[in-house]
Amino acid sequence: MTTRALIIEDQTTLRELLSELLSARRACEVVACATGAEARSLFTESAFDLVLLDLVLPDAHGLELLAELQR
């Protein structure tokens, strides 16, 4: 069973680095996005085993987004 990971990070370099690390070390299927809106859309389409969430996004606060996504 493959672990599915979602990275929500607006800084491109960090998002790409985390994606590479997770893909290589844990054989994860990684999906990455840069905004809260993208994350909301991805969560309606599929489920994830792991979420790495930036607290400061251009369109949302990470803790508020986390509360939304947990519902």
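## A quick tour of this structure

Let's start on the outside: Leu 55, Val 56, Leu 63 and Leu 66 together make a nonpolar surface patch of about 370 Å². Keep in mind that this is a predicted model. A search through the whole structure turns up two salt bridges, one aromatic pair and zero disulfides. Here is a look at each topic in turn.

**The nonpolar patch**

- One of the patch members, Leu 66, sits in helix α3, which covers residues 62-70.
- Leu 66 has a relative accessible area of 36%, so it counts as partly exposed.

**Salt bridges**

- As a bit of background, side chains with opposite charges can pair up when their charged atoms come close.
- Two salt bridges come out of the search, and one of them joins Arg 4 to Glu 29, with 3.7 Å between the closest N and O atoms.
- Arg 4 belongs to strand β1 (residues 4-8) and Glu 29 to strand β2 (residues 29-33), so this pair ties together parts that are 25 residues apart in sequence.
- Glu 29 is partly exposed, at a relative accessible area of 38%.
- Arg 40 and Glu 68 also meet through their side chains in a salt bridge, with an N to O distance of 2.7 Å.
- Here the link runs from helix to helix: Arg 40 is in helix α2 (residues 36-45) and Glu 68 is in helix α3, so parts that are 28 residues apart in sequence get tied together.
- Both ends of this bridge are partly exposed, with relative accessibility at 30% for Arg 40 and 33% for Glu 68.

**More on Glu 68**

- Helix α3 is home to Glu 68, and Leu 66 from the nonpolar patch has its place in that helix too.
- Take Leu 22 as a reference point: Glu 68 is 46 residues from Leu 22 in sequence, and their C-alpha atoms are 25 Å apart in space.

**The aromatic pair**

- The whole structure holds one aromatic pair.
- It is made by Phe 43 and Phe 48, whose ring centres are 5.6 Å apart and whose planes meet at 50 degrees, so the pair is called tilted.
- That label fits because stacked pairs need planes under 30 degrees apart and edge-to-face pairs need over 60.
- The two rings sit in unlike surroundings: Phe 43 is partly exposed, with a relative accessible area of 25%, whereas Phe 48 is buried at 15%.

**Cysteines without a disulfide**

- Why does the search find zero disulfides? The sulfur of Cys 28 has its closest cysteine sulfur in Cys 33, and at 16 Å that is too far for a bond.
- To put that in context, a disulfide calls for two cysteine sulfur atoms within 2.5 Å.
- Seen from the other side, Cys 33 is in no disulfide either, with the nearest cysteine sulfur, in Cys 28, 16 Å away.
- Cys 28 is buried, with a relative accessible area of 9%, and Cys 33 is buried as well, with 4%.

**A contact inside helix α1**

- Ser 19 has its place in helix α1, which spans residues 12-26.
- A polar atom of the Ser 19 side chain lies 2.9 Å from the backbone oxygen of Arg 15.
- Is Ser 19 buried or exposed? With a relative accessibility of 16%, Ser 19 counts as buried.

Methods: Residues numbered from 1 in each chain as written. Predicted model: local features only at pLDDT ≥ 70, side-chain atom pairs only at ≥ 80, totals over all residues. Heavy atoms only, no water. Patch = residues over 30% accessible without salt bridge, like charges linked within 9 Å, V, L, I, M, F, W, Y side chains within 5 Å. Areas by Shrake-Rupley, 256 points an atom, 1.4 Å probe, with all protein chains shown as cover. Salt bridge = Lys/Arg side-chain N within 4 Å of Asp/Glu carboxyl O. Helix = DSSP H or I, 4+ residues; strand = E, 2+ residues; numbered from the N terminus. Buried < 20%, exposed > 50% of the residue type's maximum accessible area, 1.4 Å probe, protein only. Phe/Tyr/Trp six-rings, centres within 6.5 Å; stacked < 30°, edge-to-face > 60°. Polar contact = N/O pair within 3.5 Å; in protein donor to acceptor, adjacent residues only side chain to side chain.
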